[in-house]
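Here are a few notes to read alongside the structure. I have put them as numbered points, so feel free to take them one at a time.

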Amino acid sequence: MEAFRKIIEVVEWEAFHKDRVESGIRRMLGRVDVVALHFLENCVSCALCKTACPYYYVDEKYSPVNKAEEARKIYRKELTFAGKLLGPLVHARKPGSAEDLRRIAEFAYACTNCGACYVTCPFGIDSGALINHIRTLLTATGRVPTILQAFEVAEISGMYLEIPGLMQAWDEVMKKAAEAIGRELPFDREGAEIMLFPTLIDTLFTPGAVVGAINLLTRMGVDWTLPSKPLGIRPPIATVIGDAEGVKTQLTKIHEYLEKMKPKKVVLVDGGFVYPAMRWKLPTVLGTRPSYTVLHIVEVVHEALKKGGLKVKTTDDKVTWHSPCQLGRRGGVILEPEEIMRTVSKGYRQLPHHGIRTLCCGGGAGMGCMTRDMHEMMGKLLGTSLYDLIGNREKSFLDAAEKRYKLSIKRKMDDIERSEAEIVVTACPVCIHTIELGAQLYGPKVKVLHIAEYLSEHLEE
Ligand code: SF4
Ligand code: SF4
């Protein structure tokens, strides 16, 4: 409990501290590169992006352009001549009160960074990226959800490795996986072809996916290994709260381990933000070209099926594929899972919105973490009553965020209902959790599985 109190000393949901706001603005504007400059400068306010957003259906004020405007107001005030001179006349303004920060936090935490607005905008403007910049400002001012702050510090400091509840979950999944393949797991082997990279969240939320991925690699007969200890809670979790320095620190640690182990390929189980972070961001953030290639398990399986290295039994399951936004739309892995699903099931059907137009489930970028249930579950694992550490102002924020999150799922569930699927297969632990929650709240009563678990159950004897 004491350790967590220290971790969250920086959390501040009540007051307005001018110095922290100024420092947050500097950090936020420090992230403006030539690409972000395009996002900031070239929006024409046509609002074509609004219907792409899962949170627009919760309330029209959460349209991508409206939320990103909070970043633009600050940018204009600080970095444009007109904004400095004319201020509010040209919509240039810095946050000046606790109420301003409250509104900004409400907007920043009504976004999953799904990228649907990005691919809809005729000018390629990524409002989700700008909303993440606003989170950078908020984190510096202390308006950061305690649960996310605790995860970030625990991950970067390595403290998660000392928390019995978390490590027990990891060990149990590894034990199950060893039983499934009938031999000891090949931990920390140097020079293997493949390094499987499960995160701690994979073992907590989707243990079947980790066991399934291990089973698939074993059946492929490839030379593989995996870390004996998790390389993070869900690394780099700092990305969720817009902490660019934290992202760099965590990616550096992971990269050092991987360079030491020298695998040819690093294979992820998580198809959420871990995928674009490891595959696309890491080389830019660290300014290096890794000696390994990062792939998702779905890409490895796709290749193995094509080359005959893996054989599956076909079924008639009424099954569909939900493409996680970070693996599909942002990560570029769109065709492979659909081809696999078609191979496995004659009853496979696409969702009405699929591929790059897949509807976001509503749970990404920490949105699915802000429920009361999640605080209780994580509190138990962390060995502390997380919810009791939170002040009343943050509790009101969390209550509202939970309502928004639960409403945002409805649109996805309607899409699933239209497909008449009975099983939803996907690849991200948060998508799985969110669609399961959606099935309870709204129906249809679908079964939701990670693709590694689903395929592992459909292998030829
Ligand atoms: S971000 Fe793009 S689609 Fe959205 S309002 Fe601006 S220009 Fe239009
Ligand atoms: S990234 Fe997704 S959730 Fe965020 S504003 Fe754009 S469409 Fe909405």
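1. Which residues in α2 and α4 meet one another? Please keep in mind that this is a predicted model. On the α2 side they are I25, M28 and L29, and on the α4 side I74, Y75, E78 and L79. By class, this contact of α2 with α4 has six nonpolar residues, no polar ones and one charged one.

2. Now for the geometry of that pair. Helix α2 covers residues 18-29 and helix α4 covers residues 64-79; their axes come within 11 Å and cross at roughly 95°. An angle from 65 to 115 degrees counts as roughly perpendicular, so α2 is roughly perpendicular to α4.

3. A second helix pair is worth a look. The axes of α10 (residues 164-181) and α17 (residues 372-382) come within 6 Å, with a crossing angle of roughly 90°. This pair, too, is described as roughly perpendicular. From α10 the contact takes G165, L166 and A169, and from α17 it takes K380, L381 and L382. Sorted by class, the contact of α10 with α17 has four nonpolar residues, one polar and one charged.

4. What surrounds ligand 2? The shell holds 17 residues, and the closest are C53, C111, C114, C117 and G128. Helices α4, α7 (116-120) and α8 (127-141) each contribute at least two residues to this shell, so you will meet α4 again here after its contact with α2. It is α8 that gives the most, with three residues. As for the make-up of the shell around ligand 2, 11 residues are nonpolar, five are polar and one is charged.

5. Stepping back to the whole chain, you can count 20 helices and seven strands. The radius of gyration is 22 Å, close to the 23 Å that the globule rule gives for 461 residues, so the chain is as compact as a globular protein of that length. Along its principal axes, the C-alpha trace spans about 70 × 45 × 40 Å.

6. Two last figures describe how the chain is packed and connected. Of its 461 residues, 51% count as buried. Among contacts between residues at least 6 apart in sequence, 81% join residues at least 24 apart. The α10 and α17 pair is one place to see residues from separate stretches of the chain in contact, with residues 164-181 in one helix and 372-382 in the other.

Conventions
Residues numbered from 1 in each chain as written. Chains lettered and ligands numbered in written order. Predicted model: local features only at pLDDT ≥ 70, side-chain atom pairs only at ≥ 80, totals over all residues. Axes fitted to C-alpha atoms, helices over the stretch in contact; angles between N-to-C directions. Helix = DSSP H or I, 4+ residues; strand = E, 2+ residues; numbered from the N terminus. Parallel < 35°, antiparallel > 145°, perpendicular 65-115°, else oblique. Contact = placed C-beta atoms within 7 Å. Nonpolar A, V, L, I, M, F, W, Y, C, P; charged D, E, K, R; others polar. Near = placed C-beta within 6 Å. Rg over C-alpha atoms; globule rule 2.2 N^0.38 Å. Buried ≥ 20, exposed ≤ 12 C-beta atoms within 10 Å, placed from the backbone.
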